[in-house]
Amino acid sequence: MDMNVVLLLVFVSSLLLGQHRVEGGRSLSKQEDLELEMQLKLLNKPAVKTIHMKPSTPFHVGARDQDSSNFTKPVSIGLKGGGCPIGTVPIRRITKEDLIRERLSSRTMSSDDNTPGAHYAVARTRSGSNKFLGAGAQEISLHNPHASGSQYSAAKIKIQNGPDSIEVGWRVDPSLYGDSQTRLFIRLDAGQSHCFNTRCPGFIIVRSDIPLDWAFHRISQPFGDIFFITAYIVKDKVNGNRWLLFEEEHIAVGFWPKRIFTGLGDLANSVEWGGEVFSPPGTPKPPMGAGHFAIGSRRVDSFFGPIAVLNEYGQTVDPDNVEEFADNKKLYNVRNKGIEKDFGRVILYGGRGGSTGV
């Protein structure tokens with residue numbers, strides 16, 4: 001065989017061994033590939049014992065008024081048959097492809113940033129207004145806006161202090177999940193941790209029946225049934241841990257230990273409720289929420305409500321000092337509808353997306 005051909009084959013083989021092709025044309029180096037292998041070994045451990053704990057700081061939100069919300073229906077989050085065996089918790093087995101998608105999707109975004117390709121339509125507490133032990137929403141309507149490729153569309157509650165932030169909500173994110181389903185998610189940004197769900201150390205699960213990447217199959221329909229989930233994030237006044245609570249019964253799913261935080265080791269000084277989308281710069285943007293501008297009705301719009309915060313004294317109060325923020329009003333909008341009788345404060349948001357003004 002010609003020596004030049006042999007050298008070419010050796011060169012190509014070394015490239016194949018040293019790199020792993022990922023979406024978008026970029027390749028992982030051999031070092032990055034080894035890091036992913038080590039991460040897989042850490043994540044895909046045998047089932048571990050549940051930690052039996054619960055928060056000592058309650059989030060007192062009144063029972064849902066069935067008469068005023070008879071068109072909305074709660075969606076339970078849980079595995080069939082009661083979930084994992086007693087004493088264990090559900091952690092989906094992670095593949096290398098999952099971690100590669102995660103690495104590409106691990107963007108730290110904020111409505112305070114000018115991240116290229118990202119857009120927001122949120123209601124947020126005004127700067128310097130108050131400090132909070134927690135925040136949440138009794139009803140977060142579920143939708144399935146179209147997103148493909150590296151696009152995503154999400155609805156989230158976010159609490160923040162300085163560089164630390166926690167998010168909870170739902171998202172359609174093919175580059176993260178490998179499908180276009182509406183999925184539950186949490187996200188942590190604190191110190192060296194920037195990750196979704198249980199993909200990195202930080203979140204400690206205490207429930208055996210609630211996966212953090214749960215796919216929702218019941219989606220809201222305009223003037224039809226409006227499906228929703230309930231979610232709160234609350235700081236424990238006794239030990240400083242931050243708890244994730246789901247459903248109307250405020251089921252404690254797990255917590256973020258105080259030790260992983262700097263800013264959120266103290267109280268949160270910023271809370272937001274609303275939508276976030278992303279598409280690579282120069283490409284059309286995906287729809288947000290219900291896929292149209294919010295017009296003022298929970299029967300057709302995507303919404304959070306009643307929203308609430310837990311103040312520094314542990315009292316559940318209405319966040320009346322909030323501002324509307326939409327960075328591209330040609331594509332997306334948000335409305336603080338105020339307090340609906342017998343319900344509470346409602347935040348409406350949405351947008352059709354597209355290429356206008358991009």
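## Asparagine 241

In this predicted model, asparagine 241 has a relative accessibility of 9% and therefore counts as buried, the cut-off being under 20%. Asparagine 241 lies in the loop that links strand 12 to strand 13. Its side chain makes a contact at 3.1 Å with the backbone nitrogen of lysine 258.

## The hairpin of strands 12 and 13

The loop belongs to a hairpin in which six residues separate strand 12 from strand 13. Within the turn, glycine 240 adopts a positive phi of about 85°. Strand 13 covers residues 242-246 and runs antiparallel to strand 12, with five bridges between the two. Leucine 245 of strand 13 is the residue opposite tyrosine 232.

## Other partners of strand 12

Strand 12 also pairs with strand 5 (residues 132-141), again in the antiparallel sense, through six bridges. Here isoleucine 140 has isoleucine 229 of strand 12 as its bridge partner.

The pairing with strand 3 (residues 72-74) is parallel and comprises three bridges. Proline 74 is bridged to phenylalanine 228 of strand 12.

## Burial of strand 12

Strand 12 spans residues 226-235, and 10 of its 10 residues are buried, so the strand is largely enclosed by the rest of the structure.

In a regular strand, side chains alternate between the two faces of the sheet. In strand 12, Ile226, Phe228, Thr230, Tyr232 and Val234 point one way, whereas Phe227, Ile229, Ala231, Ile233 and Lys235 point the other way. The residues of both sets are all buried, Lys235 included.

How values were computed: Residues numbered from 1 in each chain as written. Predicted model: local features only at pLDDT ≥ 70, side-chain atom pairs only at ≥ 80, totals over all residues. Heavy atoms only, no water. Buried < 20%, exposed > 50% of the residue type's maximum accessible area, 1.4 Å probe, protein only. Helix = DSSP H or I, 4+ residues; strand = E, 2+ residues; numbered from the N terminus. Pairing = 2+ DSSP bridges. Polar contact = N/O pair within 3.5 Å; in protein donor to acceptor, adjacent residues only side chain to side chain.
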